[in-house]
Amino acid sequence: MNILYLEQERVLLKGKHNTGFSNQAKLLFIYDFFEKILATQNQNLIGSYLPEFLSDYTHCLASWTVCGMKAEVHKLLIKQAEKIFETGFTTSHIAFERIVKRLKDDFETLQKILNGKNLETFEPKAYFPLLEEEAIKATRITIGVIESVTIKINKAKNETKFIIVPSEKEIEEKINEQIKQSWQNAINISKKYVRKVHQYHEVIISFDNKAGFCKGNSLGTALTLSFIEEILKTYNSPVAIKVGEGIAFTGGMNEQGKISNTSFEIIKQKVELLFYSGMNLFIVPKDEEESANEKLDELKKEFPERDLRIIGIEDINDLLNRRNIVEIKKQPIAVRTEKFIKKNWASAAVTILLTIILSFIFVLDFDDNPNYIMPDSQRVHIKNKKGRILWTKYLGVAKDLLTHPGYINSLIKIVDINSDGENEVIICGEQDSNTGVPINSSMVWCYNAFGKLIWQYSFDDVITRGNESITEFSISLIDTREHQTI
């Protein structure tokens with residue numbers, strides 16, 4: 001192999017790196033070039049050509065996934081990576097060694113899947129395989145990605161607008177019509193479960209793997225399901241739908257909800273892509289079910305235990321009626337309430353705050369615990385903390401004396417006599433509210449919080465002084481003392 005040939009290959013590789021190929025495709029291009037360099041066994045040539053692409057090679061190798069690629073390709077990549085490591089040209093030996101170890105671990109997982117074990121767990125989403133057609137032509141290897149989307153929906157004022165992430169003009173032009181059709185189908189289905197759907201929306205469609213080679217309308221079925229799922233969440237519908245784990249879809253969807261074909265060649269390539277992955281179920285257009293199964297049977301000759309099933313579907317209603325594909329269930333009231341609070345946390349917080357304030361006001365307004373005394377003419381009003389009058393008593397004393405705090409305290413006190421948190425009122429010198437006549441100046445009364453008499457005590461002792469006997473007393477309150485039992 002002469003140096004002129006290697007130089008021509010280097011120029012070709014540089015050209016491929018400046019195009020829009022995925023990292024998977026770029027890695028395969030670098031792999032072919034590195035194999036030619038390593039085959040020379042000439043250390044001078046290896047040292048001259050290898051370092052130029054080593055940074056790109058390491059980057060692509062780090063992002064490599066076992067998903068969708070033949071097992072034999074993984075073996076070859078791992079074998080070459082070990083050779084590159086031995087050359088000593090890698091800048092970070094530890095990091096590169098970790099990359100190779102991950103490749104080996106992923107390859108071991110793929111082998112288990114091909115031997116019938118269901119190991120990979122996927123987030124329940126509507127996945128769809130995308131083929132990198134230009135890379136397939138260049139390498140003659142089925143290259144692609146298993147993609148999914150994340151949908152975010154907001155109400156809009158004037159029109160329904162779709163925002164695609166990543167925002168690439170080519171992608172938007174190719175799938176724009178399918179997005180509109182999928183959205184309308186999703187709206188029609190959602191109206192069965194949502195009482196009122198807003199007229200306009202802002203819909204953000206994010207490609208999770210940022211695949212830049214989405215062509216045609218084959219994502220239509222998966223997109224429709226993703227739309228329905230998110231619309232029902234947005235409107236907190238009493239019914240929710242959830243796609244099962246490890247399920248991929250292909251096929252466009254027209255305005256009537258019918259699933260359209262891809263092509264017999266493309267459907268076979270997509271079956272191959274999914275065969276070398278952790279997917280369990282592949283939903284295809286009904287007319288292409290036979291071709292898909294033919295390819296599956298061909299692949300299972302090498303790996304007969306691989307558990308991948310194919311189901312052909314005619315339209316959206318056929319799809320939604322399959323409980324092994326889509327789960328439709330009622331949401332419990334508690335779950336819907338929780339979602340409402342999370343989604344409308346600001347208004348919910350205001351509502352809760354107002355409830356607390358109103359409850360606080362309610363508690364204060366209906367507080368029946370005596371708190372202080374307010375003199376008024378010959379009356380005293382017993383009030384709560386807020387100042388509401390609980391009840392009133394009349395005292396047989398001069399009006400001007402009632403304005404003197406010290407004198408008032410000698411006639412009436414608020415005391416919690418049994419330490420239960422509810423205050424009682426002790427009074428002496430009470431007068432009849434109807435006649436204005438003092439009831440008994442030598443008596444003391446104790447009332448509960450509601451003005452009901454708890455007990456009363458009359459000082460009936462007789463004091464003799466010579467021939468004179470004193471039987472009438474005028475009493476006043478000095479202080480209270482807590483009784484302790486020893």
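## A polar contact at N369

A polar contact is a pair of N or O atoms within 3.5 Å; inside a protein, one of the two has to be able to donate a hydrogen and the other to accept it. Keep that cut-off in mind for N369 in this predicted model. A polar atom of the N369 side chain sits 2.7 Å from the backbone nitrogen of N423, and that counts as a polar contact because the limit is 3.5 Å.

As for where N369 is, look in the loop that runs between α13 (345–365) and β13 (372–376). Despite the loop address, N369 is buried, at 16% relative accessible area, because the cut-off for buried is under 20%. Setting aside residues up to four places away in sequence, N369 touches K383, N384, L390, G421, E422 and N423. So N423 turns up here as well as in the polar contact, as one of the residues that N369 touches.

## The chain as a whole

Stepping back, the chain is built from 15 helices and 21 strands. It has 486 residues, and 43% of them count as buried.

What about contacts between residues far apart in sequence? Take the contacts in the chain with a separation of 6 or more: 66% of them come from residues 24 or more positions apart.

## Two nonpolar cores

The largest nonpolar core takes in 62 residues, and the ones with the most contacts inside it are F34, Y57, L61, W64, I84, F275 and F282. Helix α2 (residues 23–39) supplies the largest share of this core, with ten residues. There's also a second, separate core of 44 residues, and V197, V203, I228 and I325 are included in it.

L61 is a handy place to start exploring the largest core, being among the residues with the most contacts inside it. Which residues does L61 contact, once its neighbours within four places in sequence are left aside? They are L27, A81, F96, I99, R102 and L103.

## One cavity

How many cavities of 30 Å³ or more does the count come to? Just one. The largest cavity has a volume of about 50 Å³.

Ten residues line this largest cavity, and I113, K117, N118, N280 and R306 lie nearest its centre. The lining is a mix: three nonpolar residues, four polar and three charged.

## Two positive phi angles

Most residues other than glycine have a negative phi. Two residues here are worth a look with that in mind. Q41 has a positive phi, near 55°, and N236 has one near 50°.

Both belong to loops, with Q41 between α2 and α3 (43–62) and N236 between α8 (220–234) and β6 (239–243). Are they buried or exposed? Q41 counts as exposed, at 69% relative accessibility, whereas N236 counts as buried, at 13%. The labels follow because exposed means over 50% and buried means under 20%.

## Three isoleucines to check

Start with I3, which lies in helix α1 (residues 3–17). I3 counts as exposed because its relative accessibility is 53% and the cut-off is over 50%. Leaving out neighbours within four places in sequence, I3 is in contact with L45 and Y49. I3 and I37 are 34 residues apart in sequence, and their C-alpha atoms are 9.9 Å apart in space.

Next come two isoleucines that are partly exposed. I266, in helix α9 (residues 264–275), has a relative accessible area of 26%. With neighbours within four places set aside, its contacts are L131 and E133. The C-alpha atoms of I266 and L130 are separated by 9.9 Å, although the two residues are 136 apart along the chain. I439 is in the loop between β17 (424–428) and β18 (443–447), with a relative accessible area of 46%. Apart from neighbours within four places in sequence, I439 contacts E430, Q431, D432 and W445. I439 and C428 are eleven residues apart in sequence and 9.7 Å apart, C-alpha to C-alpha.

Technical notes
Residues numbered from 1 in each chain as written. Predicted model: local features only at pLDDT ≥ 70, side-chain atom pairs only at ≥ 80, totals over all residues. Heavy atoms only, no water. Core = buried A, V, L, I, M, F, W, Y, C linked by side-chain atoms within 4.5 Å. Buried < 20%, exposed > 50% of the residue type's maximum accessible area, 1.4 Å probe, protein only. Helix = DSSP H or I, 4+ residues; strand = E, 2+ residues; numbered from the N terminus. Contact = heavy atoms within 4.5 Å. 1 Å grid on protein atoms, 1.4 Å probe; cavity = no way out; pocket = protein on both sides within 12 Å on 5 of 7 lines; lining within 4 Å. Points joined across faces, edges and corners; volume = space filled by probe spheres on them. Nonpolar A, V, L, I, M, F, W, Y, C, P; charged D, E, K, R; others polar.
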